[in-house]
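Welcome! Here is a short guided tour of a protein structure for someone meeting it for the first time. Have a look at it before reading on.

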Amino acid sequence: MMKGMLTRALMLALILGLAAACGDTAEEGGAGDNGDTVNNGGKADNNENFKAPCEVVSEDTGTLVDLSQFNDVIARTVLKVGDDCPRTYGEIMAKMRVTDADERSCKVDNPTGGINTMVVSERSQLLDRPEIMRAVVTRQCNDRKQHELFFSLFGVHPDRALPGSVEVMSLDAETGVYNYYTLEGGEWTFFGSSLDLIQPGAQGSKRCAGCHTGGGPLMKELDTPWVHWEGHLDIPGASDLVDKNEDLGRKSSGSTMERLTKDGNRVWNETRAKAAVALAE
């Protein structure tokens, strides 16, 4: 266990160019063997009395993670700021309209600003009728790249209210590492970082590693023609679904998801390559 902790700490230190003798561990970060990611390259709040409005539990240990060390998008705009903690996807979007507002597309009085949704369904195109779908949602505000924040909503349908539960994939742009969260039943859980998901044995022990085997964004049908994403054919009911829900913003197609998958992995792969070199030395 100690060897694993030292290996990961050394790996991140090499990635971030930190001095090996640095004594401020709050600025270094890393993922310990207990499953609690301490930093992932985030900056500490430099406040011994820091208390985030949200409590986030580690998938591995069932204990609270130290959010003061997290610097990804959802941590900075939702989990660590304000006085309230969202308990549904709709509440996340409501909070971000305030904490993540800008003076361009994401103005406070523009509820759909910066939000785009890509819809995927395994049956709708084949049956030519609305079936259960999944929505992948992005929010691009404050000069942030679109691939830095993904929400995944399951079981959506144009005749149903949006689910409260959501999976979140959130980038720390300084380190090129994604953090993985869920909000289910009103409770937040942290499922590790991109670095955690590529560790040996992660696919059998970490929920998000079962799909995101490479640690980055995933699109199983990366290139056209698509069977399940929108491309040459529209998904029946997808437009109605997005039009009925401000929290889905505007509808985009599979080509957007293809671009975002490539963009996100391009950023993450730079960090992943440096990590691999560090471990090999």
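The report below walks through strands, a pocket, salt bridges and cysteines.

Please keep in mind that this is a predicted model.

**Strands 4, 5 and 6**

A good place to begin is strand 5, residues 166–172, where six of the seven residues are buried. Strand 5 runs antiparallel to strand 4 (residues 149–156), and four bridges join the two. Within this pairing, Leu 149 sits opposite Ser 170 of strand 5. Strand 5 also pairs with strand 6 (residues 177–184), again in the antiparallel sense, over seven bridges. Here Val 168 faces Tyr 181 of strand 6. Strands 5 and 6 make a hairpin with four residues between them. Gly 176, in the turn, has a positive phi of about 70°.

**The largest pocket**

These strands come up again in the largest pocket, which holds about 760 Å³ of space. Which elements give two or more residues to its lining? They are strand 3 (133–139), strand 4, strand 5 and strand 6. Strand 4 supplies the largest share, five residues. In total 29 residues line the pocket, and those nearest its centre are Arg 134, Ser 152, Phe 154, Cys 211 and Leu 218. By class, the lining has 18 nonpolar, five polar and six charged residues.

**Salt bridges**

The whole structure contains 15 salt bridges. Three of them are set out here.

| Pair | Closest N to O distance |
|---|---|
| Glu 184 and Arg 207 | 2.9 Å |
| Asp 263 and Arg 259 | 3.8 Å |
| Arg 266 and Asp 263 | 2.9 Å |

Glu 184 and Arg 207 meet in a salt bridge. This pair links distant parts of the chain, with Glu 184 in strand 6 and Arg 207, 23 residues apart from it, in the loop between helix 7 (202–205) and helix 8 (238–243). Glu 184 is partly exposed at 36% relative accessibility, and Arg 207 is partly exposed at 38%.

Asp 263, in contrast, has its partners in helix 9 (residues 254–280): Arg 259 is four residues apart from Asp 263, about one helical turn. Arg 266 is three residues apart from Asp 263, also about one helical turn. Arg 259 counts as partly exposed because its relative accessibility is 40%, and Arg 266 is partly exposed at 48%. Elsewhere, Asp 100, Arg 139 and Arg 144 are linked in a network of salt bridges.

**Cysteines, bonded and free**

A search of the whole structure finds two disulfides. One joins Cys 54 to Cys 85, with an S to S distance of 2.2 Å. Its torsion about the S-S bond is about 110°, so this disulfide is right-handed. Because Cys 54 lies in the loop between helix 2 (25–28) and strand 1 (56–58) and Cys 85 in the loop between helix 3 (73–79) and helix 4 (89–99), the pair ties together parts that are 31 residues apart in sequence.

The other disulfide is formed by Cys 106 and Cys 141, whose sulfur atoms are 1.9 Å apart. With a torsion of about -80°, the disulfide of Cys 106 and Cys 141 is left-handed. Both Cys 106 and Cys 141 are buried, as are Cys 54 and Cys 85.

Why does Cys 208 have no bond to Cys 211? The sulfur of Cys 208 is 8.3 Å from that of Cys 211, its closest cysteine sulfur, which is too far for a bond. Cys 208 is buried, with a relative accessible area of 9%, whereas Cys 211 is partly exposed at 45%.

Conventions: Residues numbered from 1 in each chain as written. Predicted model: local features only at pLDDT ≥ 70, side-chain atom pairs only at ≥ 80, totals over all residues. Heavy atoms only, no water. Buried < 20%, exposed > 50% of the residue type's maximum accessible area, 1.4 Å probe, protein only. Pairing = 2+ DSSP bridges. Salt bridge = Lys/Arg side-chain N within 4 Å of Asp/Glu carboxyl O. 1 Å grid on protein atoms, 1.4 Å probe; cavity = no way out; pocket = protein on both sides within 12 Å on 5 of 7 lines; lining within 4 Å. Points joined across faces, edges and corners; volume = space filled by probe spheres on them. Nonpolar A, V, L, I, M, F, W, Y, C, P; charged D, E, K, R; others polar. Disulfide = S-S within 2.5 Å.
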